[in-house]
Amino acid sequence: MIAFLRLLARNRLALGGGIVLSAVVALAIVTPLLPLADPDVTNTADRFLRPFSDGAPLGTDHLGRDLLSRLMWGTRLSLAVGFAAAILAATIGAAIGIVAGYYGGRIDNVVMRGVDMLMAFPYILLALAIVAALGPGLFNALIAVAAVNVPFFARNIRGITVGIANKEFVDAARLAGLSNARIILTEILPNVVPVIVIAMSTTIGWMILETAGLSFLGLGSQPPQADLGSMLGEARSALITNPHTSIVPGLMILIIVMSINLLGDGVRDALDPRLKSGALSRPMAATMVSRSGPAPAPQGRGLLEVQDLHTEFHVKHRTYRAVGGVSLHVETGECLGIIGESGSGKSVTALSIMGLVASPPGVITGGAVRYAGEDLIGAPYRRLRDMRGRNVAYIFQDPQATLHPLYRVGDQVVEAIRAHRPIGRNEGRAKAVELLAAVRIPNPEQRIHDFPHEMSGGMRQRVGIAMALANDPDIIIADEPTTALDVTVQAQILSLLDDLRRSRGLAIVFITHDFGVVAQLCDRVAVMYAGRVVEEGATAAILDTPAHPYTARLMACVPELGGGKRRLEAIPGLPPPVDRLPEGCAFADRCDRVRPDCRAGDIPLDRVGARAVRCLHPVTPLSEAAE
Ligand code: ADP
Ligand code: MG
């Protein structure tokens, strides 16, 4: 609850709406206690007094009644009727929706067709018809407004209930022998209440307006009793000569409806579970940068050089150091592997390069990313956008998730090109065919018309690669592109990437957790653990003589065909959570070579030639390790 209120308060507009609405409601509640004139006492001698007159702060109406007093009592009535109608409509509508959605079948059909019939009538006409049948009066107006809103709630809640009624936890409740009534009350209802509240918060304002509309037409509150609608209705004839009589209730309706809608939108956003973690803000276009020191001096290594990169996630009071000082470089035409367990910071490193880490909560707090010497951290968004896809392109793990399900793959490839240069229809199609052919999709002329769901996983990933190639980038960053694929397809994709690299002179940064893949594809490899590089060197050298115990353990996890009987070792334990990194070596708790000095302080990355290791007691000392 507290978290919900805090989330709500972060939305300034909703907060403002909430404050105004609370003030209005509070005033309406204390109205009987205030020293106000009697709202219904007429005094024709004092007709149409202007606002700020003696004894009538807001003036008087055509019968000389005190407008302030009538406004307060009218607001009280309008609010009460509006809220009552909303609660009535929500209760009945939700009950109908839950029963129809839960039981389904014929009950659903009969009930919902009835609701549809109600919905087929124009809204206001139906309300008018109901009031005409019941007779004018505020209570009947309330019933009419509630009745016309029931279908809205019933439809909404039925949709949600249908989804929930087929969930496993409802089946489990049934298996446990719970009665239908119990299941509805304890399993279904708690899950639909947030939806009911959201629907109510966004419709109350509308219902207050409708009630006011009926009163305005003389079908709601009857004289001398006033609600905001009837005040407006009575003031109609004096609109030109004495506008204040209309403006006073009109303004109040505006204030109430505006504040309810602002608050309602805020409630909806805050209650929507999808928005909860990311708060109410959309991620920024580029990752936030707050570097305390100056950028490190360029070393001139490689086409892309990452120097001492720090990327953190600031969530509430926690700081997650996902990337804690990573340095890497990749040359033109080279393939660099980044390997490590899940959660070791590989993806965050890769995304930081083009400022793609979501902010909030992501912040780049230090280091530099140099592309051909230019530091990209803190570069203007326009510059980054210009480079994304054109200089540095990404391939992600799950092509099913990265391709748009409703567009043909050819159009998506063309769109990737269009992001950077205008291209005509025919030229675009020709280019798409050429790209699909380049990634060895058979019959590219036909396949460009396929939707993503019509392709196999391997074919979809080829489309992903084709899109990455669309603007002839110099560097492709592939984040576990084959993890979702089976082994044979993985082998095809790897050989495709390798060919592309050789034929186009691409630099590839290949992220994986599989040493087998690294061995096939990568020239050099960097091993990451808990947000830092713990070992780096030529692939062959590292495979030959791993130095860091973690690297050695990772390699022992790879099965070898025909390698005879060998125990496959899982690494015991888990990586440390990155918001509570231990002092010293982060791997110490899982390491069989650990000694007391491992936990004493920061462990530097030792370099000998092209090899580097961050370990005090390496498996093979660098001086003896292969280069
Ligand atoms: P991987 O090496 O598997 O690609 P990631 O780079 O995705 O790992 O994640 C590195 C660390 O960053 C993980 O420990 C993860 O918990 C943390 N992390 C990633 N995204 C967020 C986030 N939005 N908020 C907090 N922590 C995050
Ligand atoms: Mg990842």
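# Exercises: rings, cysteines and a sheet

In this structure, ring pairs link Tyr-529, Tyr-550 and Phe-587 into a cluster. Keep in mind that we're working with a predicted model.

**Exercise 1. Work out how the rings of Phe-152 and Phe-153 are arranged, and how covered each residue is.**

Step 1. Start with what we need: a pair of aromatic rings is described by the distance of the centres and the angle of the planes.

Step 2. Searching the whole structure turns up six aromatic pairs. In the pair formed by Phe-152 and Phe-153, the ring centres are 5.3 Å apart and the planes make 80 degrees, so this one is edge-to-face. The cut-off for that label is over 60 degrees.

Step 3. Now the accessibility. Phe-152 has a relative accessible area of 30%, so it is partly exposed. Phe-153 comes out at 0%, so it counts as buried.

Extra: while you're looking at rings, find Phe-216, where Arg-236 lies over the ring face at 5.0 Å from the ring centre.

**Exercise 2. Decide whether Cys-522 is bonded to Cys-335 or unbonded.**

Step 1. A disulfide is a covalent bond between the sulfur atoms of two cysteines. The cut-off used here is 2.5 Å between the sulfurs.

Step 2. For Cys-522, the closest cysteine sulfur belongs to Cys-335 and sits 3.6 Å away, so it is too far for a bond.

Step 3. Try Cys-598 too: its nearest cysteine sulfur is that of Cys-585, 6.0 Å away, and Cys-598 is in no disulfide. By this rule, the disulfide count comes to zero.

Step 4. As for exposure, Cys-522 is buried at 7% relative accessible area, and Cys-598 is buried at 8%.

**Exercise 3. Map the surroundings of His-329.**

Step 1. Place the residue: His-329 is in strand S3, which covers residues 318-330.

Step 2. Check how covered it is. His-329 has 11% relative accessibility, so it counts as buried; the limit is under 20%.

Step 3. List the contacts, skipping neighbours within four places in sequence. His-329 touches Arg-301, Gly-302, Leu-304, Glu-305, Glu-334, Leu-336, Arg-524 and Glu-536.

**Exercise 4. Lay out the open sheet of eight strands and say which strands stand at its edges.**

Step 1. Write down the order: S7-S8-S9-S4-S10-S11-S13-S12, with mixed pairing.

Step 2. Look at the ends. Strand S7 (392-395) and strand S12 (606-608) each have a single partner strand, so one side of each lacks a neighbour in the sheet. From one strand to the next, the twist averages 20 degrees.

Step 3. Zoom in on one pair. Strands S10 (residues 524-529) and S11 (residues 532-538) run antiparallel and are joined by six bridges. Ala-526 stands opposite Glu-536 in S11, and Glu-536 is also one of the contacts of His-329.

Step 4. Add the helices. H18 (residues 457-469) lies across S7 and strand S8 (475-479), at about 170 degrees to S7. H19 (residues 487-504) packs on the sheet too, touching strand S4 (335-339), S7 and strand S9 (507-512), with a direction at about 160 degrees to that of S9.

**Exercise 5. Find out how covered helix H9 is and what its buried residues pack against.**

Step 1. Helix H9 spans residues 228-235, and six of its eight residues are buried, making H9 mostly covered.

Step 2. Name the buried ones: Leu-228, Gly-229, Ser-230, Met-231, Gly-233 and Ala-235.

Step 3. Identify the partners. The buried residues of H9 pack against helix H3 (67-103), helix H8 (180-216) and helix H10 (244-271).

How values were computed:
Residues numbered from 1 in each chain as written. Chains lettered and ligands numbered in written order. Predicted model: local features only at pLDDT ≥ 70, side-chain atom pairs only at ≥ 80, totals over all residues. Heavy atoms only, no water. Buried < 20%, exposed > 50% of the residue type's maximum accessible area, 1.4 Å probe, protein only. Helix = DSSP H or I, 4+ residues; strand = E, 2+ residues; numbered from the N terminus. Contact = heavy atoms within 4.5 Å. Phe/Tyr/Trp six-rings, centres within 6.5 Å; stacked < 30°, edge-to-face > 60°. Lys NZ or Arg CZ within 6 Å of the ring centre and 35° of its normal. Pairing = 2+ DSSP bridges. Axes fitted to C-alpha atoms, helices over the stretch in contact; angles between N-to-C directions.
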